[in-house]
Amino acid sequence: MQKLIFHYLICLFVFFTNAYSKVVSYDLYIAEQTINPTGKAVNALAVNGTIPAPILRFREGDTANITVHNQLKKEETSTHWHGLLLPNQYDGVPYLTTKPIKAGSSHTFEFVLKHPGTYWYHSHTGLQEQRGVYGAIVITPKGGEKVEVDRDHVVVLSDWTNENPLKVMKNLMRGSEVYAIKKGNAQSIYGAAKVGKLKEYFSREKSRMAPMDISDVYYDQFWANGQLAIQPKADNGEIVRLRLINAGASTYFYITSSTGDMKIISADGVDVVPVNVPRLLVGMGETYDLLITVPKSGKYEIRATAQDGSGHASIFLGKGELYPASDPPKPNLYTMDEMLDGAMASVERLSPEENEASLKMPRPPAPYALLKSPRKTELPTGLPLREVKLRLTGDMTHYLWSFNGKTLNEDSIIKVKKGERVRFELINDTMMHHPLHLHGHFFRLLNGQGAYSPLKHTVDVPPMGRHTIEFEANAEKDWFFHCHLLYHMDAGMARVVSYAGQGEDHEPNIDPKLKDMKMWMIKGSLQSHMTMGTWMLRKERDDYYYSWDYGLHEHQKYENDLGWRHYFNPNLSSVAGYRVTNEDGEKDRLFAGVQYRLPYLISSTFSLDSETNLRVTLEKEFQLTSRIGLEIKSQYDTNSELDTNFEWGGGLKYFVNGDFSLIGGYDLNHGWGGGIQFRF
Ligand SMILES: [Cu+2]
């Protein structure tokens, strides 16, 4: 009898919780915290004292009531609910949709959970996501989970650097090789010779391409739920659902399991027809729910390996003898193979068989070709079509990332009208993967599955590859669309999808820090015979600089320039400025000219000055080994009063770390000498 009453009560409980959705409240406190994951104390940002932030759990139909408290001393913050369909004002992109949460204040978000699945949330302010502000969201379907499993675990993958992310950004913006060197991926003449790829090396330089790398940043660690390795509870023989979230700031992960194939049951929170894959590439911002059956005995590893092979995080399941998972092979950076694979991986170009074969490669593309929605996802017929072609563009030289060659500042808006079928054709002209994320909408990824094309909110576009996505413009106001590689977004690879009906001259309210990104940089050398260098303020395409060149010998010749350089593309910049000099026969003067990058990455400058002299300089650095470079510089000036019209110099540099190199050589003006080069 007692048992019966208990059963009755349970039924009643289930009935009520199903029938009546409830308000589920959370308080999130964002604060600075000192952590020491590598044994060195570093400053991080934690939510409620943890990284990742706490898991927010809801049931479909519930109302989320989340109060975010900013306990930072100075910085403002924000929280974006990644993948959730919600009213614009709660999307959490600071300024654009939601007021930034100022230091010491709090903000409450309240919205209905309209759809089930695995999602996540993160700060959308500056580079805070890199410092720890990200966490999981799990929404259970109204009728309960369709797939029965023994265990259900969230795995938040992320990347950690001890370096301040602003310093990371500065290193990227100055085109420093520091991360490639740290990862052992720096390209050099010696390295190319060692693998028999000298011809490829110089043909790349001839075509003025920068050396390629798989990822931009060096990370100290890769994490699963904030740790190098986790062992979530699972017994042998059990079926485990892993809700995988790539919350990395700039890391793609390959997922491999020593249990064999993994079954994908949902992608970006939305169910797909279950499909087995041997290995899986997951981009930043994407989520996948995987089913893993833990074999009867043994301890098994699911490994998330950074795409560039620089490290991994592990998830262990089961007990007993360890069966480690394997890393995918490291790519050969001296060849174009990786890029050609990317271009091939554009599912539209391949037959279904070819697509399936490509997913069995040791470094497979994202598994999009296999993703199929269990129900039709076709958009209503008769919607007017708006086609938007977006070429993914950018360069490592200046670290500008853009669409159609224009950064967010240069071209902010993609206009749409409510009731349209909007189609984005995404064509990647760069040598990197870009995970593009659309706020406020799910889009159909046109992957050859026709009416059953999967719904996603983030799509990886591989190097030189392409994808087409489409969605119904069924919202209002402004929504962000951007590369989810944090540093690319900050460097301009973003747009605002702006709905008509907000007034004729509506300007989206973009975060002023994003609009006005600027960085101070100094690079110079102090040597026994001379000192030279440049101190500049870089604002996107413009450098405002002071450069100096001082002889420290008896002549003490000097040249000081105050100038402005505008960068059009990696091959062309303009310069103009004023020069103060004491060289024999020289006067202070105005100058203007162009900098042009010649084949073999030789940089040339042609400038005219107010004394009607023409000056041509040529500079080239030969990367002998990953750390040793040979720099050669020559200059011709038509000024007839100079001691010599032709000057030259050259020297060797040894890269010590991101801040310093040792340098030594000869300069016709200043003679022999040596010392240090510094970069801050
Ligand atoms: Cu990108």
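Here "buried" means under 20% relative accessible area, and the model in these close-ups is a predicted one.

**Close-up A. C483 and H434, two buried residues at the copper ion.** With a relative accessibility of 0%, C483 falls under that cut-off and counts as buried. H434 is buried too, and its relative accessible area is 0%. Both hold on to the metal: C483 uses SG and H434 uses ND1.

**Close-up B. The protein donors around the copper ion.** Three atoms to look for here are H434 ND1, C483 SG and H488 ND1, which sit 2.0 to 2.1 Å from the ion. Written along the sequence, the donor residues follow the spacing H-x48-C-x4-H. H434 belongs to strand β25 (residues 434–438) and C483 to strand β30, so this pair ties together parts that are 49 residues apart in sequence.

**Close-up C. D478, a buried acid without a salt bridge.** Strand β30 covers residues 478–483, and D478 is part of it. D478 is buried, yet no salt bridge goes with it. Look for the nearest side chain of opposite charge and you land on K477, 9.0 Å away.

**Close-up D. What the D478 side chain does instead of pairing with a charge.** Its side chain makes a polar contact with the side chain of H506, at 2.7 Å. Another polar contact, this one at 2.9 Å, links the side chains of D478 and Q502.

**Close-up E. The wider neighbourhood of D478.** Leaving out residues up to four places away in sequence, D478 touches N88, L96 and T97, among others. The contact list also includes V496, V497, S498 and Y499, along with P508. Q502 and H506, the polar partners from the previous view, are on that list as well.

Methods:
Residues are numbered from 1 along each chain as its sequence is written. This is a predicted model: local features need pLDDT of at least 70, side-chain atom pairs count only at pLDDT 80 or more; totals for chains, interfaces and linings use all residues. Side-chain values use heavy atoms; hydrogens and water are left out. Helices (H or I, at least four residues) and strands (E, at least two) are DSSP runs, numbered from the N terminus. Buried means under 20% relative accessible area, exposed over 50%, partly exposed in between (1.4 Å probe, protein chains only). Lys and Arg count as positive and Asp and Glu as negative; His and the chain ends are not counted. A salt bridge is a side-chain nitrogen of Lys or Arg within 4 Å of a carboxyl oxygen of Asp or Glu. A polar contact is a pair of N or O atoms within 3.5 Å; within protein, one must be able to donate a hydrogen and the other to accept it, and residues adjacent in sequence count only if both atoms are side-chain atoms. Contact means heavy atoms within 4.5 Å. Donors are N, O and S atoms within 2.8 Å of the metal (3.2 Å for Na, K and Ca); water is not among the atoms, so sites may look incomplete.
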